[in-house]
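Work through the exercises below with the sequence and the 3D structure at hand. Try each task before reading its solution.

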Amino acid sequence: MINHPHRQRAAVTRYCKERRIALDVREDGWLLVLGNGRERHLIFGYDLGLNSAVAHRIACDKAATSALLAASGVPAVPHALFLAPTVTGVSAPAWTTMLELIETHPTGLVVKPNEGTSGRAVTRVRTSAELKDALTQIFETGASAAIAPLLEIADEVRVIMLDGAPLIVYRKLRPVVTGDGLHSLRDLALQAVPVEQQSRLLRRLAVEFDASTLQAIIPQGEQRLLSWRHNLEFGAQPVLLTEGPLRETCTALARDAARAVDIRYASVDVVMADGQWQVLEINSGVKMEALGEYAPELVEEATFAALDAIFGCRPSGSTAGPPDIPQ
Ligand SMILES: Nc1ncnc2c1ncn2[C@@H]1O[C@H](COP(=O)(O)OP(=O)(O)O)[C@@H](O)[C@H]1O
Ligand SMILES: [Mg+2]
């Protein structure tokens, strides 16, 4: 299951073995207790425990993050916060304010769980009925929603930062098929993946498209996106950026964003839209499970670097020995 921090746990296990640090795995791998006595350190889920509680909470809150970044002069996609009736105690959500948003953004809005991840329940809406449906669904299980203007995103880049330095930078390329004038969107999509991945793909396509769009023949040479979202969990592929101006630009913006939130270890997603790079979101829990399918060694290196920051080690390649933590 992509949600479980399997790779992170494997990297932590290897790190602890190499550095002779005791490791106690609890709660089916969600809670890790490293070291003991004076040097005890806790990891919970994707929270490696490097960030302050307030930085973690702000990063988990898309509306708070965008407000703080805007106030700090860091370009960010605006996200308006709406609380569920179960939280406000008022019987109905603030429909009037929400519907005004539709009027001021005729090209559309994106509605999402304010504390969501992995693209789940992130929905494009263009009408008030769609907006109400999307919010009702989110409020059934969540406490709050964030609403952003729908942007034409030309590019999305993730920068995984540790103490102001980029550990991994990659573009997210959305899955695309090219028509041949013979096959449907569904068939072209299926042809592009191995048999064992086809049922997962079909489930994703059913969420993205209605039946007639899936069955329609794509004209020769025309391209169709298989997901409008840039999440790897929805089929986007990571393309590593190891150097160059794009990496520099995105890293500089991510660094400004991390500084504004006062966060040490985070993944910062930046998007090119309306002719400028802007921050879409910051994740305090650095989820690298899907990236690990493409670049397992980088995921391990990044986890090791974060753990070195916790245990006060020098970067790898230094002559420093393992930390003095008893097994
Ligand atoms: N305002 C927006 N305009 C256009 N696309 C968006 C917008 N917000 C999100 N998306 C798309 O949806 C994806 C998931 O949204 P995001 O805010 O990152 O939520 P999550 O935390 O669930 O990944 C993004 O990668 C992007 O492709
Ligand atoms: Mg995202």
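The exercises that follow deal with domains, sheets and helix packing.

This is a predicted model, in which local features need pLDDT of at least 70 and side-chain atom pairs count only at pLDDT 80 or more, while totals for chains, interfaces and linings use all residues. Residues are numbered from 1 along each chain as its sequence is written, and chains are lettered from A and ligands numbered from 1 in the order in which they are written.

**Exercise 1.** State which residues belong to each domain of the protein chain.

Solution. Step one: take the bounds from the assignment, which is an automatic or database domain assignment. Domain 1 consists of 52-76, 152-174 and 227-316, domain 2 of 78-150, and domain 3 of 177-226. Step two: with centres taken over C-alpha atoms, domain 2 and domain 3 are 29 Å apart.

**Exercise 2.** Describe the open sheet that contains β1, β2 and β3.

Solution. Step one: fix the terms. Strands (E, at least two residues) and helices (H or I, at least four residues) are DSSP runs numbered from the N terminus, and two strands pair if DSSP finds at least two bridges between them. Step two: the order is β1-β2-β3, with antiparallel pairing. Step three: β1 (23-26) and β3 (41-44) are the edge strands, each pairing on one side only. The twist from one strand to the next averages 15°. Step four: β2 (residues 31-34) is joined to β3 by 4 bridges, and Leu32 stands opposite Ile43 in β3.

**Exercise 3.** Find the strands that pair with β9 (residues 165-173).

Solution. Step one: β8 (residues 155-162) runs antiparallel to β9, and 6 bridges join them. Val157 has Arg171 in β9 as its bridge partner. Step two: β8 and β9 form a hairpin with 2 residues between them, and Asp163 in the turn has a positive phi of about 45°. Step three: β12 (residues 237-240) also pairs with β9 in the antiparallel sense, over 4 bridges. Here Lys172 stands opposite Pro238 in β12.

**Exercise 4.** Work out how helix α5 (residues 95-104) packs against helix α6 (residues 128-141).

Solution. Step one: note the angle of about 135° and the distance of 10 Å between the axes. Axes are lines fitted to C-alpha atoms, for helices over the stretch in contact, and angles run from 0 to 180 degrees between N-to-C directions. Step two: α5 and α6 are therefore oblique to each other; angles under 35 degrees count as roughly parallel, over 145 as roughly antiparallel, 65 to 115 as roughly perpendicular and the rest as oblique. Step three: Met98, Leu99 and Ile102 in α5 meet Ser128, Leu131 and Leu135 in α6, where contact requires C-beta atoms, placed from the backbone, within 7 Å. Step four: the residues of this contact divide into 5 nonpolar, 1 polar and no charged. Ala, Val, Leu, Ile, Met, Phe, Trp, Tyr, Cys and Pro count as nonpolar, Asp, Glu, Lys and Arg as charged, and the others, Gly among them, as polar.

**Exercise 5.** Which strands does α6 lie across?

Solution. Step one: α6 lies across β4, β5, β6 and β7 (144-149), running at about 10° to β5. Step two: the open sheet of these 4 strands has the order β4-β7-β5-β6, with antiparallel pairing. Its edge strands are β4 (80-83) and β6 (123-125). Step three: β5 (residues 109-113) and β6 pair over 3 bridges, and Val110 has Arg124 in β6 as its bridge partner.

Note on methods: Two residues are in contact if their C-beta atoms, placed from the backbone, lie within 7 Å.
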